[in-house]
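Q: Let's go over this model label by label. For each one, I'd like the value set against its cut-off.

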Amino acid sequence: MLFLLLAGVVATSLALVLTPWIQRLCLAAGILDLPDARKVHATATPRFGGAAIYLAFLLTGLGAYWYHEIGYAVPFRLERFAGIMLGGTIILLVGIYDDLWDLSAGRKLVCQIVAAGVVAFFLELPSAVVIPGIGEWQLGVLSWLFAVCWIVATANAFNLIDGIDGLSSGLAAIAALSWSMMAMHADRLDVAFYLVVLAGSVLGFLRYNAAPAKVFLGGCGALFIGFALGVTSLFGLESSVPAGLVLALPLTIAIPLLDVVLAFLRRARRATARSRLEGGTPRWRTIFEPDRDHLHHRLLRAGLTRRQAVTYLHLLAMLLGATATVAALRPPPAGEVLALYLAIALPVALRWIARTDGDADLKFDPRTEGTEAPGRVLVWDPDPEARWGSDGAWIADVVGAQEGVLEALDRRGYDVVVIGAALAPDASRALAGSVAQRQPCAALIRRSDDGERFELLGTEGAHAGLGEAVRVGRCRATANNRRRYRRRLFWLSILSLPVVAALALGACRRL
Amino acid sequence: MDDAQRIESRKQLAFYVCFTIGGLLILFFLFVLLLHRA
């Protein structure tokens, strides 16, 4: 057990040393993540921080191998480590290419499937699931399919949730620690070793990635940690797996997993809504296009600061991780019942978290008038020839009628659309008529939380004609909304503490 | 050479370095796994 602690400390120290080194290298090479309409950060920040996690993991693993070879009895199995690193290196290279030149979603998915497939080929996969009261369910070739799907899902989940400073890395560290506790309690010390080393590497990196971030994970880092977690969790499964454990594993990383599922459902719904509006078949390719509606985006829109949103999701992840660990360790059927309860309760809890309480607490903030950063505000004009106001600093773009409001809100990630004077009737199709009746006006339009409706937040006077400035700004959450979220944060912390403390106490006793 | 070209060439250099080291590591780990299976 002390070896695990030592490995964790070594991995953390290595990540603490390597991350600034990678950061300086990126700055020197000019490989920076520049702010844009979809991203939350405001300054150019070095990417590739994930490479430090990869190197810390690799070096600690090689150190353990050396320790093992000189005769110490340490829980280390070279073939498993090689399995993680083989697929992890492929994933890292794919992520690096994507960070540098933007790889298409389809090609990225193919590379992920190849990496997961190669690892699954060399792994000993569970062949059956034990369901209490029913018996064993033989998986056969399905076990390989499940393994590949699971690894690809975890890699993408941690990549997609990587939207605010420290969120993805923190969630990965919490998941790795929770799973390492499950592995320790089941005396699977070699599995606990990989997880503790991964958690240590991520925690060392988190020192620089926490808000305000000095370095980002990058696609390479997020994919690597998701991939390594996916593969390592499979190592923990024996040939016959209790159903409670099968439920507990995804529950631990429910936040990133549900976020990716919700993102795909949301984008599919928008693609069909868009095809209904414009005619033709839905453009399913848009499912892979990024948007600004992930869980963390919703929390930011509700008025939380970046730090509060990250803390909120981390606390929830701790609660989930701790409860899932307890569920996995309870003898059947108690574990299964607890895990099933969590699986049902979780979507409700996430719905509660992501709720922004509608427009009652959102108001146009006059202080922000004209201060919008380019790329966030769109002036929409159905006349493709019109280019009014495009010389204004706050006007980011003018698109033609054929593109329209849906394009702006859904695919291009704008928050607010301003409809031009006397042009509103053409927009009425997309805006449910409410704007058309108030013309001539400029209108602040906000997409509703379910993404289906467009809400009119206010009209700001008549326009004489084209070229006249329209009022542009942001809708801010009121203090009331922020207070509500602070209250939820408080109760979440209170709920988290006893479970986390109980688990920590259990782990200490074993040490 | 303007800034954009300079950054692009640095990106290419960074990727080639990563690709070479990563490729060697992939071959090494593949070798370890094949040896283990054998």
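Q: What comes right after α1(A), and what is the sign of its phi?
A: Gly30(A) follows α1(A), and its phi is positive, near 75°. Helices here are DSSP runs of H or I with at least four residues, strands are runs of E with at least two, and both are numbered from the N terminus. Keep in mind that this is a predicted model, where local features need pLDDT of at least 70, side-chain atom pairs count only at pLDDT 80 or more, and totals for chains, interfaces and linings use all residues. Residues are numbered from 1 along each chain as its sequence is written, while chains are lettered from A and ligands numbered from 1 in the order in which they are written.

Q: How does the span of α1(A) compare with the expected one?
A: The expected span is 1.5 Å times one less than the number of residues. With 28 residues (2-29), α1(A) reaches 40 Å from first C-alpha to last, close to the 40 Å expected.

Q: Which residues of α1(A) are called buried, and what covers them?
A: Buried means 20 or more other C-beta atoms within 10 Å of a residue's own (12 or fewer is exposed, in between is partly exposed, and C-beta atoms are placed from the backbone). In α1(A), the buried residues include Leu4(A), Ala7(A), Ala11(A), Leu18(A) and Cys26(A). Their cover includes β1 (32-33), β2, α2 and α7 (189-209) of chain A.

Q: What makes Phe48(A) buried, and what is odd about its phi?
A: Phe48(A) has 30 other C-beta atoms within 10 Å, so it counts as buried. Its phi is near 70°, a positive value in a residue other than glycine. Most residues other than glycine have a negative phi. You'll find Phe48(A) in the loop between β2 (45-46) and α2 (49-69) of chain A.

Q: How do you know whether Ile84(A) is buried or exposed?
A: Count the neighbours: Ile84(A) has 26 C-beta neighbours inside 10 Å, so it's buried. This residue sits in helix α3 of chain A. Leaving aside neighbours within four places in sequence, Ile84(A) is in contact (C-beta atoms, placed from the backbone, within 7 Å) with Tyr194(A), Ala228(A), Val231(A) and Thr232(A).

Q: Why is α12(A) called largely enclosed?
A: Because 19 of its 24 residues are buried, the rest of the structure largely encloses α12(A). Its end C-alpha atoms are 34 Å apart, which agrees with the 34 Å that residues 306-329 should span.

Q: What makes α6(A) and α12(A) roughly parallel?
A: Helix α6 (167-185) of chain A and α12(A) pack at about 15°, with axes 9 Å apart. Under 35 degrees counts as roughly parallel (over 145 is roughly antiparallel, 65 to 115 roughly perpendicular, the rest oblique), so these two helices are roughly parallel. Their contact takes in Leu167(A) and Ile174(A) of α6(A) and Val310(A) and Ala317(A) of α12(A), among others. Its residues divide into 14 nonpolar, six polar and no charged. Here Ala, Val, Leu, Ile, Met, Phe, Trp, Tyr, Cys and Pro are nonpolar, Asp, Glu, Lys and Arg charged, and the others, Gly among them, polar.

Q: Where do chains A and B touch?
A: 17 residues of chain A are in contact with 15 of chain B. Helix α3 (78-101) gives the largest share of chain A's side, 13 residues. That side divides into 13 nonpolar, three polar and one charged.

Q: How much of chain B is buried?
A: Of its 38 residues, 11% meet the cut-off. Chain B has one helix and zero strands.

Notes
Contact = placed C-beta atoms within 7 Å. Axes fitted to C-alpha atoms, helices over the stretch in contact; angles between N-to-C directions.
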